[in-house]
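Hi everyone, thanks for coming. I'd like to walk you through a structure today, so please have the viewer open and follow along with me.

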Amino acid sequence: MSQAIIFQNARLLDGRSPEGEHDRFVRAEGGLIKEISDKPIQDSGARMIDLRGRTLMPGLIDCHVHVVAGLVNLGQNALLPDALVAFHAQRIMGEMLARGFTTVRDVGGATYALVDALEQGLTAGPRLIVCGKALSQTGGHADFRGRYDNRDADYQTRRLGALGRICNGVDACREAARDEIRQGAQFIKIMANGGVASPTDPIAFLGYSSDEIRAIVEEAHNAQTYVAAHLYTDEAIARAVELGVRSVEHANLIETKTASLMKERGAIACPTLVTYEALKNEGESLGLPAASVAKIDDVRLRGLESLEIMHDAGVMMAYGSDLLGPMHRHQSEEFVIRGRVLPAIEVIRSTTIHAAELIGMTGKIGVIAPDAYADFVVVDGDPLADLSLLTGQGRHLPIIVKGGEFIKNELN
Ligand SMILES: [Zn+2]
């Protein structure tokens, strides 16, 4: 059992109030937050840490990652041996934790075996929420077979390095959704629009028929969870939200009316603008196929505008990064990109309370409150004044705590 921790004189910032609270005392023990007070807390057995001048935040949450994406070329990634993919995932997860992300939601690729490895302490990483393999139609965003590749689509279903699996037709979609849930999926991901990284689906293509999406939404609902969908175009987003999709990934090409629909239905957006910047700058040199390079600007150029449209409509937005291979090091730059058009407090909420809401863990993560997990980052300074304090591979985070255990402590 880890030692109790008391943070003293802390400025708390979890997004529940616009400015946070000053001069607070926080006690954590047994992996949970136990007590918060505006007066000193006595506990002679606790490790006392004075945070005067610093900000105490909940551990950061990223709702759109692919921890098995060791390579930028996802078709090649799917062919790697599972053992090699697992070591890539170990490194990728360890680096995410070092950036202050204590929870990540994997939206395609990671299986429950990785959750198990983390829970058994075989490797270090964030809390991991998984959907198993994303569901894609033939020729959709998780089908990496090019025009002349006629392998059976099943070749990738059970490979750790594959982000998705192919299923077509209402019955096969139901079976695939049930099969992912059987294997430990905590939500279901579908590819409901064309994508950048895949070879034969222009951005505007709709993925899946309405009947297939409706069936998958029903299966997720039956399993007490929800569907997240890969979506760019206004048409695809509106259709998916009408059919009951709750988590709208990317959303770059959304327009005002559909944003209002999202708000009305309680759908949550998970933009991932940093990945298009990274793909633009580095994709080609890191092996992104030419067909994908040609599609980047179709979505990249509307990114910031989509944030403004959704913000104006009151759509809740969670933090996402969606990086691949060596580009994972840009994970925290999404904070700064969003800060160009959104109030800093909204950006903070995307990685705290709004992310927790999307994941379905409100009160347990993304908040500094009694009974929440003792997941913390300490920031040198005020992230509301300077969001770039959250970048730099954890350089401005002298303390990172996950479940009451110090991942890093440079203060004492
Ligand atoms: Zn993704």
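**Strands, zinc and charged pairs**

Let's begin with one pair of residues: Leu-60 has Phe-101 in strand 7 as its bridge partner. Before I go further, please keep in mind that this is a predicted model.

That pair belongs to the contact between strand 6 and strand 7 (residues 101-106), which pair in the parallel sense over four bridges. Zooming out a little, there is an open sheet of three strands, ordered 6-7-8, and the pairing is parallel. Strand 6 (60-65) and strand 8 are its edge strands, each pairing on one side only. If you like angles, neighbouring strands of this sheet are turned by 15° against each other on average, direction ignored.

Now stay with strand 6, please, and look for the metal. Which residues coordinate the zinc ion? They are His-64 through NE2, His-66 through NE2 and Asp-322 through OD, at 2.1 to 2.3 Å. Along the chain, the donors of the zinc ion follow the spacing H-x1-H-x255-D. The site ties together distant parts of the chain: His-64 sits in strand 6, while Asp-322 is in the loop between helix 11 (303-312) and helix 12 (333-339), 258 residues apart. Both His-64 and Asp-322 are buried.

Next, strand 5 (residues 55-58). Thr-55 and Met-57 point one way from this strand, Leu-56 and Pro-58 point the other way, and all are buried. What does strand 5 pair with? With strand 1 (residues 5-12) it runs parallel, joined by two bridges. With strand 15 it runs antiparallel, and there four bridges join the two. Thr-55 is a handy residue to click on here. Arg-11 stands opposite Thr-55, and in strand 15 the bridge partner of Thr-55 is Val-379.

On to the charges. A quick reminder: side chains of opposite charge can pair when their charged atoms come close. How many salt bridges does the structure hold? The count is 30. I picked a few for you.

The pair to show is Arg-127 with Asp-375, a salt bridge whose closest N and O atoms are 2.8 Å apart. This one links distant parts of the chain, with Arg-127 in strand 8 (residues 127-130) and Asp-375 in the loop between helix 14 (353-359) and strand 15 (376-379), 248 residues apart. Are these partners buried or exposed? Arg-127 is buried, with a relative accessible area of 17%, and Asp-375 is buried too, at 4%. If you have been following the strands, you will recognise strand 8 as an edge strand of the parallel sheet, and strand 15 as the antiparallel neighbour of strand 5.

Let me set a local pair beside that. Arg-214 and Asp-211 meet through their side chains in a salt bridge, 2.7 Å from N to O. Because Arg-214 and Asp-211 are three residues apart in helix 5 (residues 210-222), about one helical turn separates them. Arg-214 counts as partly exposed at 44% relative accessibility, and Asp-211 is partly exposed as well, with a relative accessible area of 47%.

Then there is a helix-to-helix example. Glu-277 and Arg-300 form a salt bridge at 3.5 Å, N to O. Glu-277 lies in helix 8 (residues 273-283) and Arg-300 in helix 10 (residues 296-300), 23 residues apart, so this pair also links distant parts of the chain. Glu-277 counts as partly exposed, with 28% relative accessibility. Salt bridges that share partners also join Arg-27, Glu-29, Glu-35 and Asp-43 into one network.

Last topic: the cysteines. The structure holds zero disulfides. Why is there no bond at Cys-173? Its sulfur is 4.0 Å from the closest cysteine sulfur, in Cys-167, and that is too far, because a disulfide needs the two sulfur atoms within 2.5 Å. Cys-173 is buried, at 0% relative accessibility. For Cys-131, the closest cysteine sulfur is in Cys-270, 12 Å away, so that is also too far for a bond. Cys-131 is buried, with a relative accessible area of 1%.

That's my tour. Thanks for listening, and I'm happy to go back to any view you'd like to see again.

Key:
Residues are numbered from 1 along each chain as its sequence is written. This is a predicted model: local features need pLDDT of at least 70, side-chain atom pairs count only at pLDDT 80 or more; totals for chains, interfaces and linings use all residues. Side-chain values use heavy atoms; hydrogens and water are left out. A salt bridge is a side-chain nitrogen of Lys or Arg within 4 Å of a carboxyl oxygen of Asp or Glu. Buried means under 20% relative accessible area, exposed over 50%, partly exposed in between (1.4 Å probe, protein chains only). Two strands pair if DSSP finds at least two bridges between them. Axes are lines fitted to C-alpha atoms, for helices over the stretch in contact, and angles run from 0 to 180 degrees between N-to-C directions. Donors are N, O and S atoms within 2.8 Å of the metal (3.2 Å for Na, K and Ca); water is not among the atoms, so sites may look incomplete.
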